[in-house]
Amino acid sequence: MFQIGSLIVLCGLLAQTTALLEALPVPLDQNLPLAVTPALAPSPTDLAGSLTGALSNGLLSEGLLGILENLPLLDILKTGGNAPSGPLGGLLGKVTSLTPLLNDIIDLKITNPQLLELGLVQSPDGHRLYDTIPLGMILNVKTPLVGSLLKLAVKLNITAELLAVTDEQKRVHPVVGDCTHSPGSLQISLLDGLGPLPIQGLVDNLTGILNNVLPELVQGKVCPLVNAVLSRLDVTLVHSIVNALIHGLEFVIKV
């Protein structure tokens with residue numbers, strides 16, 4: 001009788017233990033392959049937006065605005081104006097002939113430099129990108145005697161070609177190809193000026209001078225920055241861009 005009762009208790013304990021074990025999660029076999037959800041490729045809009053955002057932030061981090069604000073514009077005009085017929089000499093002659101008060105050197109100071117929203121265009125074959133870098137600034141024309149004479153709003157676009165190249169170590173990475181100012185993109189408009197002078201004539205003369213000097217001056221400062229920014233881009237972003245350019249995949253949405 002005692003043995004039968006013990007057997008019944010033992011069977012009950014075994015049944016309870018089996019139920020508890022079935023309720024526990026089954027451990028994974030380390031030798032079995034795990035089911036991996038494939039990473040989603042970034043959408044064209046995401047990739048293009050990530051690139052323009054990274055370039056914009058990178059240019060600002062590299063000190064673009066400070067570089068623009070400290071452009072040696074007056075020094076360059078002076079260099080070209082040593083002869084009486086030079087740009088600054090001609091401008092000074094026109095200004096001083098208008099009023100005897102303006103008989104000192106004109107100061108050209110850049111203030112409020114801005115990096116506007118970048119634009120991105122992909123070549124028809126899909127292997128190149130053209131990044132438009134729009135810049136804005138205020139040009140203040142001053143003299144020691146009367147202070148601020150003119151305030152001009154200046155806008156200029158720099159266009160950088162981006163392409164994928166293979167270096168000597170067989171590594172593919174993006175670089176800047178052609179980088180230049182967009183023809184005809186320089187815009188100069190009068191914000192404020194001293195009343196008694198024939199302002200429009202002075203603005204026209206100054207605009208002609210700046211058209212010959214400012215675009216190349218800005219281009220020479222901005223293009224090396226673009227190359228520096230490309231070399232510091234996020235590795236994942238670089239891989240995605242290079243892969244798209246090599247295979248000619250369109251990822252810049254045309255609007």
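Biologist: From the N terminus on, in what order do the elements of the protein chain run?

Modeller: This is a predicted model, in which local features need pLDDT of at least 70, side-chain atom pairs count only at pLDDT 80 or more, and totals for chains, interfaces and linings use all residues. Residues are numbered from 1 along each chain as its sequence is written, and side-chain values use heavy atoms, with hydrogens and water left out. Helices (H or I, at least four residues) and strands (E, at least two) are DSSP runs numbered from the N terminus, and the protein chain has seven helices and six strands. Their order is α-α-α-α-α-β-β-β-β-β-β-α-α.

Biologist: Which helix has the lowest confidence in the protein chain?

Modeller: Confidence here is pLDDT, the predictor's confidence in each residue, from 0 to 100. The mean for the protein chain is 74, and 64% of its residues reach 70 or more. Confidence is highest in helix α3 (residues 64-69), at a mean of 96, and lowest, at a mean of 43, in helix α5 (residues 87-98).

Biologist: How many contacts beyond four places in sequence does the model have for residues 81-105?

Modeller: A contact means heavy atoms within 4.5 Å. Residues 7-11, where pLDDT stays under 50, have zero contacts beyond four places in sequence. Where pLDDT is low, the predicted coordinates should not be read in detail. With that caution, pLDDT also stays under 50 over residues 81-105, and the model's count of such contacts for them is 41.

Biologist: What share of the 255 residues in the protein chain is buried?

Modeller: Accessible areas come from the Shrake-Rupley method with a 1.4 Å probe, and for residues only the protein chains shown count as cover. Buried means under 20% relative accessible area, exposed over 50%, and partly exposed in between. The accessible surface of the protein chain comes to about 15,200 Å², with 59% of it belonging to carbon and sulfur atoms. Of the 255 residues, the buried share is 37%.

Biologist: Which two cysteines form the disulfide, and how many residues apart in sequence are the parts that it ties together?

Modeller: The structure holds one disulfide (a pair of cysteine sulfur atoms within 2.5 Å). The partners are C179 and C223, with their sulfur atoms 1.9 Å apart, and the link is left-handed, with -85 degrees about the S-S bond. Because C179 lies in strand β5 (residues 172-181) and C223 in helix α6 (residues 199-230), the pair C179 and C223 ties together parts whose separation in sequence is 44 residues.

Biologist: Are C179 and C223 buried or exposed?

Modeller: C179 has 14% relative accessibility. For C223 the value is 11%. By these values C179 counts as buried, and C223 also counts as buried.

Biologist: Which residue makes a side-chain polar contact with the side chain of T159?

Modeller: T159 lies in strand β4 (residues 147-166) and is buried, with a relative accessible area of 18%. Leaving aside neighbours within four places in sequence, T159 is in contact with Y130, D131, T132, D178, C179, T180 and S182. A polar contact is a pair of N or O atoms within 3.5 Å; within protein, one must be able to donate a hydrogen and the other to accept it, and residues adjacent in sequence count only if both atoms are side-chain atoms. At 2.7 Å, the side-chain partner of T159 is S182.

Biologist: Which residue caps the N-terminal end of α7?

Modeller: Helix α7 (residues 235-246) has 12 residues and reaches 16 Å from its first C-alpha to its last, close to the expected 16 Å (1.5 Å times one less than its number of residues). Its buried residues include L237, V238, I241 and L245, and α7 is followed by G248, whose phi is positive, near 65 degrees. At the N-terminal end of α7, the backbone nitrogen of T236 lies 3.1 Å from a side-chain oxygen of the capping residue, D234.

Biologist: What is the phi of N112?

Modeller: N112 is found in strand β1 (residues 107-115) and is partly exposed, with a relative accessible area of 44%. Most residues other than glycine have a negative phi. N112 has a positive phi, near 50 degrees.

Biologist: With which residues is T52 in contact, leaving aside its neighbours within four places in sequence?

Modeller: The place of T52 is in helix α2 (residues 44-61). T52 is buried, with a relative accessible area of 17%. Beyond those sequence neighbours, its contacts are with L118 and L120.

Conventions:
Buried means under 20% relative accessible area, exposed over 50%, partly exposed in between (1.4 Å probe, protein chains only).
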